[in-house]
Protein chains: 2
Amino acid sequence: MSEPTTSEPGTRAARRAASAQRILKAAQAEFGEHGLEGTTVRAIAQRAGVDPSLVIQHYGSKSDLFAIAVRLPGESTGDDLTGHLFDVLDVRLSEPPPETRALVRSMLTAPEATQAMRDFLNERIANLARASDRDDAELRAALTVSSILGLTVARHFLKLDALATEISGEQIETVLRPWLTAALGDGSSDGGATGTGPDA
Amino acid sequence: MSEPTTSEPGTRAARRAASAQRILKAAQAEFGEHGLEGTTVRAIAQRAGVDPSLVIQHYGSKSDLFAIAVRLPGESTGDDLTGHLFDVLDVRLSEPPPETRALVRSMLTAPEATQAMRDFLNERIANLARASDRDDAELRAALTVSSILGLTVARHFLKLDALATEISGEQIETVLRPWLTAALGDGSSDGGATGTGPDA
DNA sequence: ATGCTCGCTCAACAGTTGTAGAGTCAAATT
DNA sequence: AATTTGACTCTACAACTGTTGAGCGAGCAT
């Protein structure tokens, strides 16, 4: 009686949206652990506590769900994507968000993920290179971004001993940041360590 | 009449060995392109020009074949493994060997490959760190190795624009090597460059 | 030449996969 | 209260997976 008719979030449509979200979260987690090919629709459904066919009903297909779970960028300039890899570096390196985990996990085996990662990193490199006037700026930017990628993989996916989750923290940033900034701006044969002057 | 009895490589056993090798090469190529889960025994067989069941007859199972195709190190100190990742850096960065491709491709999705990669890189880091006396030597070694890993992934698997196969060559090494050596030996806040003394 | 050996293929199976369609039951509408 | 809606589950299917065992046919020893 109290509420109008159609599209107001009441109980049935809200529950449906909640289901969709639960499925999406489950999918991100599962994709992030086992990759696109490694995760089954049934596993996602079980994790979300629903029937496998409901997953399809909601998202059309496993591939579509993956694309959404990973937020494949269309061709945007990357406004909210500016973080994605770099807040893993800039802010603090604790744990990558689920979407990033899902994307990185599949980037070597799923063509869609490879393409998405390639696009993302290419753009990131171009942005970085644009800030420098060196002639090898692009190569240096690529090396920088590659290093960050390697660090993410080594730390959060391979879980190397020296980069264990608890051991490091911001110690990594302390060592890495001047390294990277030097690599971007400073030449190899040039003399001065002209970094931004990090605290001792 | 001319030849003895049993194990001399004549025509039938030699052909068998040749088949085994052809299967192995096909497996490495296929694993290197699509990863462990992404490649089917049938695809390997077709590439080798044999029946799928022969693949199993030769190598027992798909997992066993993968382990051999990737040469999972048991616990050895890594004598011939010293190359594997570093000759991709040191010698010249053209194309990783098939075994490396197969291993890297699956390292994020196949637990066996993850473990193998982890072991390999951990040991590599330990070796590198042992050559320095800094207290953060291990962390710096890990960062160095991670960078190389990231570069390999970005260049040969993601095929980033700025690291395209033809564009770079040894230019990458020119830029990267002093960068890495500096990162290993030289501190950001410390004054003295007490490293091994890079040329130029 | 004859019988045996054995590298290889054929056919098949049991399990798993993504996905479609019919059916169910509670909630919303009248 | 009766009816319709629609979110969800059940059942099923066709395709594909790794793997097995029987059988074929060429190479070997006698």
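A residue is partly exposed when its count of other C-beta atoms within 10 Å falls between the limit for exposed, 12 or fewer, and the limit for buried, 20 or more. These legends describe a predicted model.

**Figure 1. A:Arg47 in helix H2 of chain A.** The view is centred on A:Arg47, which is part of helix H2 of chain A. A:Arg47 has 16 C-beta neighbours inside 10 Å and therefore counts as partly exposed. Apart from neighbours within four places in sequence, its contacts are A:Ala26, A:Ala29 and A:Glu30. A:Leu151 lies 104 residues away along the chain, and 30 Å separate its C-alpha atom from that of A:Arg47.

**Figure 2. Helix H4 of chain A and its surroundings.** H4 of chain A spans residues 62-70, and its buried residues include A:Leu65, A:Phe66, A:Ala69 and A:Val70. These residues lie on the same side of H4(A), because they cover an arc of only 120° around the axis. A:Ser63 and A:Asp64 are exposed and sit on the face of H4(A) turned away from the buried side. Among the elements that cover the buried residues of H4(A) are H1, H3, helix H6 (98-106) and helix H7 (111-130) of chain A. A:Arg71 follows H4(A) and has a positive phi, near 50°.

**Figure 3. Chain A as a whole, for orientation.** Chain A contains nine helices and zero strands. Along the sequence the pattern reads α-α-α-α-α-α-α-α-α. Of the 200 residues in chain A, 38% are buried. When contacts in chain A between residues at least 6 apart in sequence are considered, 57% of them join residues at least 24 apart.

**Figure 4. The relation between chains A and B.** A turn of 180° with a shift of 0.0 Å along the axis lays chain B on chain A with an RMSD of 0.1 Å. This is the relation of a two-fold axis. The copies meet through the same surface, because 100% of the interface residues of chain B are also interface residues in chain A.

**Figure 5. The side of chain B that touches chain A.** Contacts between the chains involve 44 residues of chain B and 46 residues of chain A. On the side of chain B, helix H1 (12-38), helix H7 (111-130), helix H8 (137-157) and helix H9 (171-185) each supply at least two residues. H8(B) gives the most, with 14 residues. Sorted by class, this side of chain B has 24 nonpolar, twelve polar and eight charged residues.

**Figure 6. A:Leu160 and B:Ala142 between the two chains.** A:Leu160 is in the loop between helix H8 (137-157) and helix H9 (171-185) of chain A. A:Leu160 counts as buried, because it has 22 C-beta neighbours inside 10 Å. Leaving aside neighbours within four places in sequence, A:Leu160 is in contact with A:Ala154 and A:Arg155 in chain A, and with B:Arg118, B:Leu121, B:Asn122, B:Ile125 and B:Ala142 in chain B. With the same neighbours left aside, the contacts of B:Ala142 are A:Ala154, A:Leu160, A:Ala162, A:Leu163 and B:Ile125. The largest nonpolar core has 95 residues, and A:Ala142 and B:Ala142 have the most contacts inside it. In soluble globular proteins, nonpolar side chains tend to be buried together. A:Gln46 is 114 residues from A:Leu160 along the chain, and their C-alpha atoms are separated by 31 Å.

**Figure 7. The surface near DNA strand C.** There are 22 residues around DNA strand C, of which A:Thr11, A:Thr40, A:Ser61, B:Ser19 and B:Asp51 come nearest. Helix H2 (41-48) and helix H3 (52-59) of chain A, along with H1 and helix H3 (52-59) of chain B, each supply at least two residues of this surface. H1(B) gives the most, with five residues. By class, the surface near DNA strand C has six nonpolar, nine polar and seven charged residues.

**Figure 8. The surface near DNA strand D.** DNA strand D is surrounded by 22 residues, and A:Ser19, A:Asp51, A:Ser53, B:Ser53 and B:Ser61 are the closest. At least two residues of this surface come from each of helix H1 (12-38) and H3 of chain A, and helix H2 (41-48) and H3 of chain B. H1(A) gives the most to the surface near DNA strand D, with five residues. The classes here are six nonpolar, nine polar and seven charged.

Technical notes. Residues numbered from 1 in each chain as written. Chains lettered and ligands numbered in written order. Predicted model: local features only at pLDDT ≥ 70, side-chain atom pairs only at ≥ 80, totals over all residues. Contact = placed C-beta atoms within 7 Å. Helix = DSSP H or I, 4+ residues; strand = E, 2+ residues; numbered from the N terminus. Nonpolar A, V, L, I, M, F, W, Y, C, P; charged D, E, K, R; others polar. Core = buried A, V, L, I, M, F, W, Y, C linked by C-beta atoms within 7 Å. Near = placed C-beta within 6 Å. Least-squares fit on C-alpha atoms with pLDDT ≥ 70 in both. Arc of directions from axis to C-beta.
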